[in-house]
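This report introduces the structure shown below to a new reader. It considers the domains, the surroundings of the ligand and a pair of helices.

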Amino acid sequence: MSHQYHAAAHDFAAIREICERHGFCLVKGVLNRDDLNGLLAGMRAASRVRQNSSDLLGLPELRQIYFDPRLLAIARALLGPQLVYDGESNVNFEETIGANTLNPYSRLHCDAKGMPGDITRMWRSPTDATYRAYRFGIYFQDYRHASGALKVIVGSHRGDPAGYEEAQIFTGGMESHAIGRHRIECPAVRYPLYNLPSEPGDVVVWNLRTFHSAGAKLFADNPSVAVHPKVEDDISAEAPALFAPPPGPRNALFFDYAAPCEEIDLYIKWRAWPVSSDMSGRLAKRSDDPATLRLAADNGVIMRHDGLIVALAVTLASSNGPNPIQKLTAAEYDQMTQRLHGLLRTHAEFSPHFRMFDRERFEKAANRNAAVASAVNGIVAALSVNPSAA
Ligand SMILES: O=C(O)CCC(=O)C(=O)O
């Protein structure tokens, strides 16, 4: 594989080397046509019965892909033998070009947040070590010559994250690119940008500290030129025909693999805490489905359910108050208590920061209901003092 950012599916050393050095890797030819057809059928079936953006691991039609030995082997090559599912996954599916395809999240951003003193701060290593989580993207369209790919800032998994933000990334000078018969002049950036030319079967892997954006616009006459999304927008406003259109609906699957460590504990808690997000939506995500838990155990993957735990706790706590998140019958209350109890019993954190609840009090409680009540009180109290709680 000659390209500096690409590696063959079985070349774990190269995948690891490229990810460590650049913060991402385009892994070629991991999945075959049958795999892709099966996944697409699963996405279609799942989208008929549930809304988009469900937790992948709660979807019986699709969750198997997370435990696919080919993907687990790549994840273990990057992160070591013990993997954690941090609760982050996404299913993007639409039958024809619609909102997903036309309005992708095209802002450059990085997902790695959570510092010991401030759960909302972008993560930064004191030793410039590599963040121990990767997002895997399976894209079902061919983005070698068409718009819609993932864009990354090469090497942005290291160093001061602020340097990659919009306020600092532009040099103040200009850069020039040959696009067919045209030459475009645009604001220059300090770090190289790269649009990943993925084709069906490839797996796009990027570090959670790597700055990236969705829906890269490719120049029809020179697809290898990557410019900042702001520059894409400016060009698009004046000369949209310079860009190749998307090849079809932007259907894709995203899911994270992480290692059990401090920064991942903080990331999981940062994702779980914000109480303003859709609690009922979280309750509907079934990552604690017994079949999923079995798959995780069989494949040696630790599951974290912090988002769901918070949702269950605040739903129970609010159920008798003036603004219940959900009105619960006595039977539903009991069922939810039981569900939360099961999750809390196996819940294990990887750092002492922003502890969810007092484990000792939970263990020593007289019975199940008292144990859950003590944990619910702890979680609600922690939320009210947590800086990210909205
Ligand atoms: O939608 C994409 O292509 C990239 C996904 C993304 O930006 C994210 O998962 O943070």
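Domain bounds are taken from an automatic or database domain assignment. The model is predicted: local features need pLDDT of at least 70, side-chain atom pairs count only at pLDDT 80 or more, and totals for chains, interfaces and linings use all residues. Residue numbers start from 1 along each chain as its sequence is written.

The protein chain comprises domain 1 (6-256) and domain 2 (282-385). Their centres, taken over C-alpha atoms, are 32 Å apart. To their contact (C-beta atoms, placed from the backbone, within 7 Å), domain 1 gives 16 residues and domain 2 gives 19 residues. On the side of domain 1, strand β3 (residues 83-85) supplies the largest share, 3 residues. Strands (E, at least two residues) and helices (H or I, at least four) are DSSP runs, numbered from the N terminus.

Around the ligand (C-beta atom, placed from the backbone, within 6 Å of it) lie Pro104, Tyr105, Asp111, Arg135, Leu150, His212, Ala214, Ala252 and Phe254. Two or more of these residues come from each of β13 (212-216) and β14 (252-258).

Helices α10 (residues 306-318) and α11 (residues 330-346) have axes that come within 10 Å and cross at roughly 145°. Axes are lines fitted to C-alpha atoms, for helices over the stretch in contact, with angles from 0 to 180 degrees between N-to-C directions. Among the residues in this contact are Leu312 of α10 and Leu340 of α11.

The table gives residue classes: Ala, Val, Leu, Ile, Met, Phe, Trp, Tyr, Cys and Pro are nonpolar, Asp, Glu, Lys and Arg charged, and the others, Gly among them, polar.

| Group | Nonpolar | Polar | Charged |
|---|---|---|---|
| Side of domain 1 that touches domain 2 | 9 residues | 4 residues | 3 residues |
| Shell around the ligand | 6 residues | 1 residue | 2 residues |
| Contact of α10 with α11 | 10 residues | 2 residues | 1 residue |

Terms used. Two residues are in contact if their C-beta atoms, placed from the backbone, lie within 7 Å.
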